Amino acid sequence: MSKVLVVVETDGNAIKSASLPGITAGAQLAQQGGGELHLLVVGAGVGDAANAIGQAGYGAAGVHVADHADLAPFTTEAWTDVVVGAAKALGATALGGTATSTLRDVIPRAAALLDAPLASEVTAVTGSNAFRREMSAGRAVADFTASGSVVCFTARASDFEPATPADAAPVAAVDAGTPNKRGAEVVSIEKTQSARPALTEANVVVAGGRGMGSGENFKPLEELTDLLGGALGASRAATDAGMVPADLQVGQTGKVVAPNLYFAVAISGAIQHLAGMKGSKTIVAINKDPEAPIFQVADYGLVAKWEDTLPQLIEAVKAKKG
Amino acid sequence: MKILVTVKRIPDPDASVKFANGAVDTSSAKWVPNEFDQYAVETALRLAEDAKSKKRHAEIVVCSVCPAAQRQHITTFLAMGADRGVVVDADDTALDSQAVAKLIAGVFKKEGADLLVCGKLSQDTEGNEVGQRVAGLLDLPIASFAGGVTWDQDGKAMVVSREVDDGVETKKVPLPSVITCDLRVVLPQSVKNGVTPDDYTYNEGPRLASLRGITMAKRKKVEQLKPADLDVEAGSAISNTGVNPPPARAAGQIVESVEQLVEKLATEAKVL
Ligand SMILES: Cc1cc2nc3c(=O)[nH]c(=O)nc-3n(C[C@H](O)[C@H](O)[C@H](O)COP(=O)(O)OP(=O)(O)OC[C@H]3O[C@@H](n4cnc5c(N)ncnc54)[C@H](O)[C@@H]3O)c2cc1C
């Protein structure tokens, strides 16, 4: 029988919402293989979080806990040790989770140690060992199978619904061995402070590009973002130029988002950018160049300078919202 | 100090993707070096050189798994400034990431390298796996998704700022270790080696090969190995059942004014 083990991340005493889509992918895989879903909580002092996760259950048959002082702050070296240890101890046939920066670090390393294939950043689960993923900046879609006694996967958050609470699941410590950081040391963590929803979870994303000219000029975009309760995004050109922090980059090598509404302002629409946002439900492009490729994916295009349009747009949205 | 850098050839990412018989058709593709590998080689060069005196403090070996006859990209990287090359002669398109990682781990051991620098992903298959896998196979620490690297020569370590989902994490990894490069590692002041003055400003992006570099590249050594030389049985546990273009988005419309846009967003798209 198949046994799917999904690694979940915690924040204080709760599961990180970013982990929920990965649980859904794992549940689909378990269902396709007629097997069970299990969750693995990794960290230091994560007992309360694990209990809360057990309460919510998420359709899992069991919640397993690897708790050790050396597992926080996160290092892939230490985490992979216990993830592999737990996968072996539990006899997992599949191992994965959401394709966060944490698991994109851990799961490939774990796959190497398990001598397993990795279905990386999948957009769909199509069988007990069959998946779909995008390649070449979203211009090719591959259906494929991954074979082995253990198969690893990471799931693209924008393509799986967040898992929802269900019946409670039993919580137990798993004997996953002792983690070893191999001399690695986290010197500091600078979190981008924001009261806005996470880029990958927001219903609305307002993104600016090189044509904004400066970080200062992002102010009206931020105002629009907050009016809509959305998240701010950017193109690589804008993040490289330091207009906004790097973690706001949308695209092939940044975040992949699929909100209800995406604004691309002063963004040309390079394929690498499109790869990160073309799954959005409604796309609005504002660009002064009528030839900009972004108009080819936009549902609504406005050929205009942002300087002339954003103030008006902000007022109009305010009026609409009452 | 010896730095091994992984490099790969990919079909030109600026050309359109062609399909034939449920697969990507690369028969007429123009092969070019993967952009992230250019960043990796640039990172290695900035670590190895004194940008002022041009003196080198480390040897740079580029390594590629590809058909030996198709190793033009290695020459490109030698022209950029790498010292020598290793090609593992295999059809990389028929290998999965584990096989590639085993081959690279084998070369790393054979070379007795101190640092492995990889691009974070290849622009065609987008696996984002190989660096992490090699680190696992060699039981080494890794700093993935590097946006900045500082060589702590006294501490025999690399201090790496990593681009993570919600900000930047700074991680120190003792040598030998692995680094995978993200985009911003090629900004003008992202790499510091304790030799080049810290305020030195590089041009943004990977350097272009000079004429002299191109001439010299022809004389640089490229060692050719077979997977069997590294005791690796190279195959793939991943098998594509069909590769197709994505469904096209329905055509959109150009609106004339902000009023019209807001009206349509509210009544037509119903997203306001
Ligand atoms: C390996 C690799 C990975 C990459 N990954 C990503 C990625 O993940 N995400 C990403 O975004 N890019 C990525 N890129 C970069 C990508 O190729 C483009 O260079 C980038 O997206 C361009 O950003 P931009 O659209 O803001 O800038 P530009 O292409 O310079 O476009 C600026 C646009 O602003 C418009 N404009 C200028 N002034 C105004 C004004 N006043 N009002 C209205 N419009 C105006 C212009 O008409 C133009 O269309 C990657 C590139 C490589 C090589």
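**A chat about cores, a sheet and two domains**

Biologist: Which residues of helix 4 of chain B are buried?

Modeller: In this predicted model, helix 4 of chain B spans residues 130-138 and is mostly covered, with seven of its nine residues buried. Those buried residues pack against helix 4 (103-113) and strand 7 (118-125) of chain A, and also against helix 3 (97-111), strand 8, strand 9 and strand 12 of chain B. The buried ones are Gly131(B), Gln132(B), Arg133(B), Val134(B), Ala135(B), Gly136(B) and Leu138(B).

Biologist: Happy to hear it! What residue follows helix 4 of chain B with a positive phi?

Modeller: Helix 4 of chain B covers residues 130-138. With a phi near 60 degrees, the residue that follows this helix is Asp139(B).

Biologist: Which helix gives the most to the largest nonpolar core?

Modeller: That core has 40 residues, and Val5(B), Val62(B) and Met158(B) touch the most other members. Several elements of chain B supply at least two residues each, among them strand 1 (2-6), strand 6 (59-66) and helix 2 (72-80). With eight residues, the top contributor is helix 1 of chain B.

Biologist: Which residues does Val62(B) contact, leaving aside its neighbours within four places in sequence?

Modeller: Val62(B) is one of the three residues that touch the most other members of the largest core. Its contacts include Val5(B), another of those three. The full set is Val5(B), Val7(B), Val41(B), Ile74(B), Phe77(B), Leu78(B), Ala82(B), Arg84(B), Gly85(B) and Val86(B).

Biologist: Let's turn to the sheet. Which are the edge strands of the open sheet of 10 strands?

Modeller: The strand order is 11(A)-5(A)-4(A)-1(A)-6(A)-10(A)-7(A)-8(A)-9(A)-15(B), with mixed pairing. An edge strand here pairs on one side only, which points to strand 11 (171-173) of chain A and strand 15 (238-244) of chain B.

Biologist: In what sense do strand 1 and strand 6 of chain A pair?

Modeller: These two strands sit side by side in the order of the sheet. Val6(A) stands opposite Gly96(A) in strand 6 of chain A. Over three bridges, strand 1 (residues 3-8) and strand 6 (residues 94-98) of chain A pair in a sense that is parallel.

Biologist: One more, please: how much area do domain 1 and domain 2 of chain A bury between them?

Modeller: Chain A is divided into domain 1 (3-173) and domain 2 (204-321), with centres 32 Å apart over C-alpha atoms. The contact takes six residues from domain 1 and eight residues from domain 2. Ala137(A), Arg156(A) and Ser158(A) supply 67% of the area on the domain 1 side. With 58% of it on carbon and sulfur atoms, the buried area is about 560 Å².

Technical notes:
Residues are numbered from 1 along each chain as its sequence is written. Chains are lettered from A and ligands numbered from 1 in the order in which they are written. This is a predicted model: local features need pLDDT of at least 70, side-chain atom pairs count only at pLDDT 80 or more; totals for chains, interfaces and linings use all residues. Side-chain values use heavy atoms; hydrogens and water are left out. A nonpolar core is a set of buried Ala, Val, Leu, Ile, Met, Phe, Trp, Tyr and Cys residues joined through side-chain atoms within 4.5 Å. Buried means under 20% relative accessible area, exposed over 50%, partly exposed in between (1.4 Å probe, protein chains only). Helices (H or I, at least four residues) and strands (E, at least two) are DSSP runs, numbered from the N terminus. Contact means heavy atoms within 4.5 Å. Two strands pair if DSSP finds at least two bridges between them. Domain bounds come from an automatic or database domain assignment. Buried area is the accessible area (1.4 Å probe) that two parts lose on being put together, summed over both.
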